[in-house]
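Colleague: I'd like a close look at one part of this model rather than a tour of everything. Pick a stretch that has a record behind it, take it apart slowly, and then place it among the rest.

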Amino acid sequence: MAQVGATMEVGSDGVAVITVCNPLVNALAIKVIKELKEKFAEAMRRDDVKALVLTGKGGRFSGGFDINVFQSVHKTGDISLMPDVSIDLVVNTMEDAKKPVVAAVEGLALGGGLELAMACHARISAPKAQLGLPELALGVIPGFGGTQRLPRLLGLPKAVEIMLLSKPITSEEGEKLGLIDAIVPSKDLLQVSRKWALDIAERRRPWIRSLHRTDKLGSLSEAREILKLARQQAKQTAPNMPQHQACLDVIEAGIVHGGYHGVLEEARVFKQLVLSDTSRGLVHVFFAQRATSKVPNVTDIGLKPRPVKKVAVIGGGLMGSGIATTLILSNIFVVLKEINSEYLLKGIKFVEANVRGLVTRKKLSHDKAEKALSMLKGVLDYSEFRDVDMVIEAVIENVPLKQKIFGEIEKACPPHCILATNTSTIDLNVVGEKTRSQDRIVGAHFFSPAHVMPLLEIVRTEKSSAQAILDLMAVGKTIKKVPVVVGNCTGFAVNRTFFPYTQGAQLLINLGVDVFRIDRVISNFGLPMGPFQLQDLAGYGVALAVGKEFAGAFPDRTFRSSVVELLIKDGRNGKNNGRGYYIYEKGSKPKPDPSVLPIIEEARRLTNIMPEGKPISVTDQEIVEMILFPVVNEACRVLDEGVAVRASDLDVASVLGMSFPSYRGGIVFWADTVGPSHIYRSLKKWSEVNGSFYKPSRFLEERATKGMPLVRTLYHFS
């Protein structure tokens, strides 16, 4: 293991080069911070040191403060574990030093790394370095003076944008804005930085303390106007996250009362936010996502992933074309198969539209788009399947059709080829029951739209080989997805966990709760849209097909409502034809459709479950709980049956696949925040009134009665 800490070398020119050492990204661990203080103190004492250069080992300056410390604070509740860096090291030791310090930046300077660089008296960078303050993405604010120095170095509007969006910039952009003093080739970085530091010491270059600058802040009234606008935007884009408003308040405190006051206020607010539920949730998701790459009996048995260079995708509909898009964008050759030339042309046009859309939105260059599209070939038979490494079937949810396809591809493909299905609900053993290659059959469940959504749910049966799972995990990483490996059952981990979500909402409207109020409440909780607008978006055919699968698999806890059938009978199909619970018109937001209310009344009459024929009275909080507690309950069953490797995998999957708010930490983490005993008592009470849909699972009951959390096994990274 490489030495973690900081080193110092003093050259014959009188420049001390202090280097941060903590592979891979030179995170500022507590030991690193302690040794930085020691090295700076030594350099200040030594008469042979005239100036200093601060850099990072291995071509990276620093990726920021060690996030493992956040985890320790969250486990213990002990805020004293956070070291005093902002005043003790950054202001007193570095910025107010009697000898000049120059930052030699390469690779990345993020979070605390950039904050250290901003406390130096100049910043020299290699080309294409990433600079940013992404702390808000972890529920906190910059804590080493970043809220004060960034606005002073590059102006308030851009500084606010970088912090609030957790959006890095390149060193080239940093130079234009004034954050970087010069860009030089990597090979010259240390030499130029040493010379620059000596020039400052000998007064040939200005000695600038960032915290004391005010020239880029503008007038107080201008600053307040910029911050007012930023507050309004943050209220719309991050309504449930306190760190955005806190960040703007701290910036304003420094502008009004001075930089040093701002640094003190920042340190105080930072410590408050570290202990917030938001920070706990976001840090949990960060670590949980890293843990998905460790799968027992797959990643720990010495196997290496085989290269996957050519993939066949069967079905060129929205899902198949999305999968094809994401593969070709990652330089994987794709054979797209359809049943006739009309459907094939349509599928290819979908892929082209996806790729061209990225060019239009400036997320892809024209050259890269053309290169990607050259990796796609459309076919009408299996002749091109003879040398593919993987097949992904993405046709409609029809068991006989899928079985027929798997029988055909088993014969057409080479023996090493992985046979994957994109089914979202159908048991894999049913899909592959007529084949003899069940060790090669896996689920590759993408979420729609496949070229946008970041989750890849990898499903293994008892017969799936570890090699096939490992290969698919490697493909997932290549195509920039987060692969989560789960067990095989109806709906797998994600859709099965969330099947009570829509059903809970349907039950509530049948109990008399307003459909549009439910959507509004769930959106306010933090999901991008409510269950009924989501149903409009997915289409009612999907709702009926999926509902049928779950009703067959879990008849004891399925709520049956006739709402969707009645909507179809009325000629509605959601967004597909512009009419559902909402009206959809091009160029405008969905509008609630009052003419849907008589259809819902008819459904209520048919189910006849309103107590004494009157709508129930519920608070907004109860609506959230009556819809999401059954989801938690099903998550408990998924964990109990071993369908998910660990609870944190369900958290990642709920955030990346179902857009559950990341700041709530995922579905299971949120449940632990609410309290398993409260969830259990609520479900028990509702089940006594409304039946088995709400019946608490054995796993939940056991944990609630013993006072145990739902999340048992966590992750640890050294």
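Modeller: Let's fix one cut-off before anything else: a residue is called buried when its relative accessible area is under 20%, exposed when it is over 50%, and partly exposed in between. Arginine 213 is a good test of that, because its relative accessibility is 19% and it therefore counts as buried. Its salt-bridge partner is aspartate 215, with the closest N and O atoms 3.1 Å apart. That aspartate has 55% relative accessibility, so aspartate 215 counts as exposed. Keep in mind that this is a predicted model.

Now to the part I'd pick. An unreviewed UniProt entry annotates residues 310–488 as "domain: 3-hydroxyacyl-CoA dehydrogenase NAD binding". In the model, that span is 39% helix and 22% strand, with its end C-alpha atoms 26 Å apart.

Start with strand 10, residues 310–314. Five of its five residues are buried, so the rest of the structure largely encloses this strand. As background, side chains in a regular strand alternate between the two faces of the sheet. Here Lys310, Ala312 and Ile314 point one way, Val311 and Val313 point the other way, and all of them are buried. Note that a lysine is in that buried set.

What does strand 10 pair with? One partner is strand 11 (residues 333–337), in the parallel sense and over five bridges. Strand 13 (residues 390–393) is also a parallel partner of strand 10, over four bridges. Isoleucine 314 is a handy place to see both pairings: its bridge partner in strand 11 is lysine 337, and its bridge partner in strand 13 is glutamate 393. Between strands 10 and 11 comes helix 13 (residues 318–328), and the three elements make a right-handed β-α-β unit.

Further along in the annotated span, have a look at helix 15. Ala369, Ala372 and Leu373 are buried there. Looking down the axis, you find the buried residues of helix 15 within an arc of 95°, so they line one face of the helix. Asp367 and Lys368 are exposed on the other side.

Helix 15 also takes part in a salt bridge. Glutamate 370 meets arginine 356 at 3.0 Å, N to O. The glutamate belongs to helix 15 (residues 366–373) and the arginine to helix 14 (residues 341–360), so this pair ties together parts that are 14 residues apart in sequence. Both ends are in the in-between class: glutamate 370 counts as partly exposed because its relative accessibility is 34%, and arginine 356 does too, at 37%.

A second salt bridge in the span joins glutamate 384 and lysine 377, at 2.5 Å from N to O. This one is more of a mix: glutamate 384 is buried, with a relative accessible area of 16%, while lysine 377 counts as partly exposed at 35%.

Now for the surroundings. The model holds 46 salt bridges in total. Some are joined up: Arg496, Asp556, Arg557, Glu634, Arg637 and Glu641 form a linked network. For the packing, remember that nonpolar side chains in soluble globular proteins tend to be buried together. The largest nonpolar core has 97 residues, and Phe385, Ile409 and Tyr581 have the most contacts inside it. Helix 25 (residues 620–640) supplies the largest share of that core, twelve residues. There is also a second, separate core of 73 residues, with Leu54, Val105, Val140 and Phe270 among its members.

The same kind of unreviewed record labels residues 491–584 and 623–707 "domain: 3-hydroxyacyl-CoA dehydrogenase C-terminal". Residues 491–584 are 61% helix and 2% strand, with end C-alpha atoms 29 Å apart. Residues 623–707 are 73% helix and 0% strand, and there the end C-alpha atoms lie 25 Å apart.

Last, a small sheet elsewhere in the chain. Three strands form an open sheet in the order 5-7-8, with mixed pairing. Strand 5 (108–110) and strand 8 (169–170) are at the edges with a single partner strand each, so one side of each has no neighbour in the sheet. Strand 5 pairs with strand 7 (residues 130–132) in the parallel sense over three bridges, and alanine 109 stands opposite leucine 131 in strand 7.

Methods
Residues are numbered from 1 along each chain as its sequence is written. This is a predicted model: local features need pLDDT of at least 70, side-chain atom pairs count only at pLDDT 80 or more; totals for chains, interfaces and linings use all residues. Side-chain values use heavy atoms; hydrogens and water are left out. UniProt positions are given in the numbering used here, feature names are shortened, and annotations may be inferred rather than shown by experiment. Buried means under 20% relative accessible area, exposed over 50%, partly exposed in between (1.4 Å probe, protein chains only). Two strands pair if DSSP finds at least two bridges between them. A crossover is right-handed if, with the strands pointing away from the viewer, the path from the first strand over the helix to the second runs clockwise. A salt bridge is a side-chain nitrogen of Lys or Arg within 4 Å of a carboxyl oxygen of Asp or Glu. A nonpolar core is a set of buried Ala, Val, Leu, Ile, Met, Phe, Trp, Tyr and Cys residues joined through side-chain atoms within 4.5 Å. The arc is that of the directions from the helix axis to the C-beta atoms.
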